[in-house]
Structures are given as C-alpha cells and as structure tokens.
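Trainee: Please show me the model, and let us then discuss its fold and its packing.

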Amino acid sequence: MNSLEDIMIHLDDLTISKKLLILILVGIAAIIVVGGIGIVGTEQINSQLGELYQNKYAHSVLALEAYSDMMNFAVVGYQFTLEPDPVKKKDIQDSKQYPYITLFNEKLAKYESIPMNPEEEKIFTALKKASADYFEVAQETNILNLAGKTEESTKLRTEVLVPKRQETYDGLAKLIDINRESAHQYYLNAQASYLSIILVTILLTIVCAIILLVISWFIIRNLTRRINLLIAGIGEVGAGNLSYRIALAGKDEITHIGSSFDSMAVSLENQSHMINQNIEKSKRANAAIMKMADEVKAGNIEAGINTADHEGEF
C-alpha cells in the first residue's frame with residue numbers, strides 16, 4: 001500500500017504533459033523491442049535459409065551432377081567395349097568418355113570448396129579416392145581392350161572396375177542422402193526458429209501491453225483522484241462551506257488549479273466574514289437608533305447615542 005502511495009506521490013509531481021510523455025515513450029520502447037526481436041529473428045531465419053541454399057542445395061546439385069557424369073562415363077565405356085573398330089574405339093575414348101573424367105573432377109572440386117560437416121567430409125574423402133581408383137582402372141581396362149587383350153580387359157572390368165564403380169556410386173548416393181537429411185534438418189531448425197520468434201513476439205507484446213496498461217492505470221487513477229478532489233472541493237464551497245480547502249500536493253497543473261481554487265475560497269471566506277461583521281454592526285446601530293427613538297417618545301428629549309460605543313457602525 002505504501003509503495004502504491006509513493007508512486008502516486010511521485011506522479012503528483014509530474015505535469016500532465018510529462019505523464020503523457022511517459023506513456024508515449026513506453027509505447028515507443030515496446031514497439032522497438034518487439035520490432036527488434038522480429039528483425040533479429042528474421043535475420044536468423046534468413047541466415048539459416050541462406051546457408052541451406054549456399055551449402056546443402058549446392059552440394060546436392062553437385063552430387064547429382066557428378067552422379068550423372070559417372071553414369072555417362074560408364075555408358076560411353078560400354079559403347080567403347082562394344083565397338084569393334086580400334087580407330088573408332090580410340091575416338092570414343094578420347095572425345096566422349098574421358099571428358100567426363102574432367103567434368104566429374106570439376107564437380108568434386110566445387111563440392112570440396114563449400115564447407116562440409118565432419119561426417120560429410122569423411123564420406124567425400126572416401127568418394128574422392130574411390131573415384132580416382134575407378135578412373136585409373138577404367139583407363140587400364142581401355143588400354144588392354146585397345147591392345148586386343150579382351151580376356152584380361154574383361155577380367156579386370158569384372159573383378160575390379162565394376163566394384164570400384166559401385167563404390168563410387170554408393171559414395172555419391174551417401175552424399176546426396178546426407179545433404180537431403182541436412183537440408184531437412186535446416187528446414188526444421190528454421191521452422192522452429194520461426195515458431196520461437198512468433199511465441200517470443202506474442203509474449204513480449206503481452207508483457208508490453210500489460211506494462212502500458214499498468215502505467216496507464218496509475219496515471220489515469222492519479223488524474224481521476226485529483227480531479228475528484230477538485231470536484232469535491234467545488235461542491236463543498238458551492239454548498240457554502242467556505243472554510244473547505246482542497247490542499248492538493250504536487251507540482252502538476254491540477255495542483256495549480258487546486259491552489260488557485262483554495263486561494264479563491266480564502267478570499268470568499270474573508271469577504272463573507274467582513275460582510276457578516278458589517279451586518280452585525282448595522283444590527284447594533286439600528287438597535288441603538290430604535291432605543292433612542294423609544295426614549296424620545298417617552299419624553300426623554302435628552303436621549304442620544306454614544307457614538308464611541310458604535311465606532312464604524314454609522
């Protein structure tokens with residue numbers, strides 16, 4: 001209770017303009033806080049989505065493109081194997097098959113230039129080694145095939161090349177899967193951040209609204225309390241109680257009005273007192289005159305009024 005009274009006393013010392021300024025400043029502060037949380041949250045979500053696009057999306061695209069280059073290399077390899085003409089074989093190898101090695105390695109280089117997590121980096125390192133071994137064995141197989149060593153070429157292809165190719169495919173598939181999972185996790189994190197921001201924004205809005213309501217209640221209660229004191233004082237004086245004083249404490253405009261009203265009541269009370277005094281004097285003077293008149297009627301022609309006893313009454 002004392003704390004509430006202390007707050008009211010402090011509010012009494014503030015002008016109405018300052019009280020309204022407090023409300024405005026608190027409202028602006030609330031808007032800044034809520035807006036700031038929204039901006040920070042939006043930047044956080046944009047950062048997550050940006051990382052998702054720059055890293056995971058780019059990784060996924062590069063892994064898929066590398067997978068496509070590997071498949072095209074294998075398809076052209078089969079064309080190379082099926083071609084009976086050695087000249088055409090050499091042309092297929094140089095102009096169609098081997099360029100895919102360059103394209104594949106370019107994809108891996110771009111992939112490696114983008115930040116990876118430890119698990120992804122481990123898979124990528126294994127893939128890089130498996131693909132290098134695969135291309136090396138593929139070139140050895142082609143050399144044997146061009147030399148007419150079909151049986152050795154077929155054996156090398158079956159026992160070494162195909163497993164290495166499958167190992168490379170598996171590595172690319174793992175990269176694709178881990179990026180898809182990471183992208184999904186980034187999406188879930190962004191969604192969780194978005195929901196958190198909404199929740200925090202709602203809570204802050206409620207808190208700020210409560211603070212505004214409490215401050216408004218204090219200010220309105222302070223104003224209405226003091227205005228009611230003015231109204232009560234006006235009623236008392238209007239009913240004739242000129243000795244009533246509002247006696248407002250504080251430094252605001254209502255205090256000045258109350259002080260001016262009390263000054264007016266003091267002036268009215270003084271004037272009323274003077275009027276009452278004059279009336280009493282007039283009554284005594286009239287009584288003296290009436291007494292003298294009665295004595296004259298009774299034959300006392302020497303009757304008179306001692307003016308010293310009625311100073312200021314005539």
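The following exchange concerns a predicted model.

Trainee: How many helices and strands does the protein have?

Mentor: From the N terminus on, the order of elements reads α-α-α-α-α-α-α. The count is therefore seven helices and zero strands, by runs in the DSSP assignment.

Trainee: Which helix gives the most residues to the largest nonpolar core?

Mentor: This core has 28 residues, and those with the most contacts inside it include Met-70, Phe-73, Phe-104 and Tyr-134. Two or more residues come from each of helix H2 (16–82), helix H4 (99–113), helix H5 (118–146) and helix H6 (150–238). With eight residues, the helix that gives the most is H5.

Trainee: Which residues does Phe-135 touch, leaving aside those up to four places away in sequence?

Mentor: Phe-135 is among the residues with the most contacts inside the largest nonpolar core. Beyond four places in sequence, Phe-135 touches Met-70, Phe-73, Ile-101, Phe-104 and Asn-105.

Trainee: Why do the buried residues of H3 line one face of the helix?

Mentor: Helix H3 covers residues 86–97, and its buried residues are Lys-89, Ile-92, Gln-93 and Gln-97. They line one face because, seen down the axis of H3, they fall within an arc of 95 degrees.

Trainee: Which residue caps the N-terminal end of H3?

Mentor: The backbone nitrogen of Val-87 lies 3.1 Å from a side-chain oxygen of the capping residue. That residue is Asp-85.

Trainee: What percentage of the residues in the protein is buried?

Mentor: Of the area that the protein exposes, about 19500 Å², carbon and sulfur atoms supply 63%. Among the 314 residues, the buried share is 30%.

Key:
Residues are numbered from 1 along each chain as its sequence is written. This is a predicted model: local features need pLDDT of at least 70, side-chain atom pairs count only at pLDDT 80 or more; totals for chains, interfaces and linings use all residues. Side-chain values use heavy atoms; hydrogens and water are left out. Buried means under 20% relative accessible area, exposed over 50%, partly exposed in between (1.4 Å probe, protein chains only). Helices (H or I, at least four residues) and strands (E, at least two) are DSSP runs, numbered from the N terminus. The arc is that of the directions from the helix axis to the C-beta atoms. A polar contact is a pair of N or O atoms within 3.5 Å; within protein, one must be able to donate a hydrogen and the other to accept it, and residues adjacent in sequence count only if both atoms are side-chain atoms. Accessible areas come from the Shrake-Rupley method with a 1.4 Å probe; for residues, only the protein chains shown count as cover. A nonpolar core is a set of buried Ala, Val, Leu, Ile, Met, Phe, Trp, Tyr and Cys residues joined through side-chain atoms within 4.5 Å. Contact means heavy atoms within 4.5 Å.
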